[in-house]
Amino acid sequence: MSSGEDLTSAARAVARRVGVGALTLAAVAKEAGISRATIYRRYASRDQLISAIVSSELDALERVMLSRLRFADDPRDTIYMLVREVLDYNANNELVQAALRYDAASLTPWLIRREGHPTLIDIVTDRALAFITESPVARYLSPSPEAAVEFMVSSVCAELLSPARFLTHADIANRITDAIYRPQSDTA
């Protein structure tokens, strides 16, 4: 079990138990059933392994998004379902929930805009825009695809950090969709 995918799976398992902040290469090696030397051949540092996990998580989120964009028959429904599915995905993602539970304070710098440092919102927005701006849904996003996607990502992130007490994911998805969906006239 020394492939990159197997090691990131083992790292996820460790992080779900102790958080990303307490994750060590030794603990991941033990979880994977390999020697520490073997894991160090694949990942020279803990930060490299964490980067691989983050990249894998963003790839999984992209797959959720792409699977929804394929069904862009009704743009409003597509936007609603995209937001709803991402909200549900994040709420049920054990790694994301563990990171929030154990490592919330260390995530804060990723949420604050500083000169020369992209925020988590920036990173996810840019990755989403790579797919959305070329999709049939883009022309229905207001005020622009870029602003609409940034708003969606910011709203989803806010829900992650402080889950709603009185609104369901369906309610939130409806409100986000109402805010960014712009119907097109038949003559457009």
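# Helix H9, a pocket and the loops around them

Thr177 sits in helix H9. The model is predicted. Thr177 is a good place to enter it.

How accessible is Thr177? Its relative accessibility is 0%, so Thr177 counts as buried, the cut-off being under 20%. Leaving aside residues up to four places away in sequence, Thr177 touches Arg76, Ile79 and Tyr80.

**The helix around Thr177**

H9 covers residues 169–180, 12 residues in all. From its first C-alpha to its last, H9 reaches 17 Å. That is close to the 16 Å expected at 1.5 Å a residue.

Which residues of H9 are buried? They are His169, Ile172, Ala173, Ile176, Thr177 and Ile180. Seen down the axis of H9, these buried residues fall within an arc of 130°, so they line one face of the helix. A general rule fits here. An α-helix has 3.6 residues a turn, so residues three or four places apart point the same way.

The face of H9 turned away from the buried side carries Arg175 and Asp178, both exposed. What covers the buried residues of H9? The cover includes helix H5 (75–92) and helix H8 (145–161).

**The whole chain**

The protein chain has 9 helices and 0 strands. Along the sequence, the pattern reads α-α-α-α-α-α-α-α-α. The C-alpha atoms fill a box of roughly 65 × 35 × 30 Å, taken along the principal axes. The chain has 188 residues, and buried residues make up 40% of them. Among contacts with a separation of 6 or more, 66% come from residues 24 or more positions apart.

**The largest pocket**

The largest pocket has a volume of about 1,200 Å³. Its lining counts 42 residues. Val54, Leu58, Val96, Leu120 and Val124 lie nearest the centre of the pocket.

Which helices supply at least two residues each to this lining? They are helix H4 (46–69), H5, H6, helix H7 (120–132) and H8. H4 gives the most, with 11 residues.

**Buried residues in loops**

Asn93 lies in the loop between H5 and helix H6 (94–107). Asn93 is buried. A polar atom of the Asn93 side chain lies 2.9 Å from the backbone nitrogen of Leu95.

Another loop runs between H7 and H8, and Ala138 has its place there. Ala138 is also buried. Not counting residues up to four places away in sequence, Ala138 touches Ile132, Thr133 and Pro145. Ala138 and Met65 are 73 residues apart in sequence. In space, their C-alpha atoms are 13 Å apart.

The table sets three buried residues side by side.

| Residue | Place | Relative accessibility |
|---|---|---|
| Thr177 | helix H9 | 0% |
| Ala138 | loop between H7 and H8 | 7% |
| Asn93 | loop between H5 and H6 | 8% |

Each value is under 20%, so each of these residues counts as buried.

**A cis bond**

Pro143 is also placed in the loop between H7 and H8. What kind of peptide bond joins Ser142 and Pro143? The bond is cis, with omega about 5°. Most peptide bonds are trans.

How values were computed. Residues numbered from 1 in each chain as written. Predicted model: local features only at pLDDT ≥ 70, side-chain atom pairs only at ≥ 80, totals over all residues. Heavy atoms only, no water. Helix = DSSP H or I, 4+ residues; strand = E, 2+ residues; numbered from the N terminus. Expected span 1.5 Å × (residues − 1). Buried < 20%, exposed > 50% of the residue type's maximum accessible area, 1.4 Å probe, protein only. Arc of directions from axis to C-beta. Contact = heavy atoms within 4.5 Å. Polar contact = N/O pair within 3.5 Å; in protein donor to acceptor, adjacent residues only side chain to side chain. 1 Å grid on protein atoms, 1.4 Å probe; cavity = no way out; pocket = protein on both sides within 12 Å on 5 of 7 lines; lining within 4 Å. Points joined across faces, edges and corners; volume = space filled by probe spheres on them.
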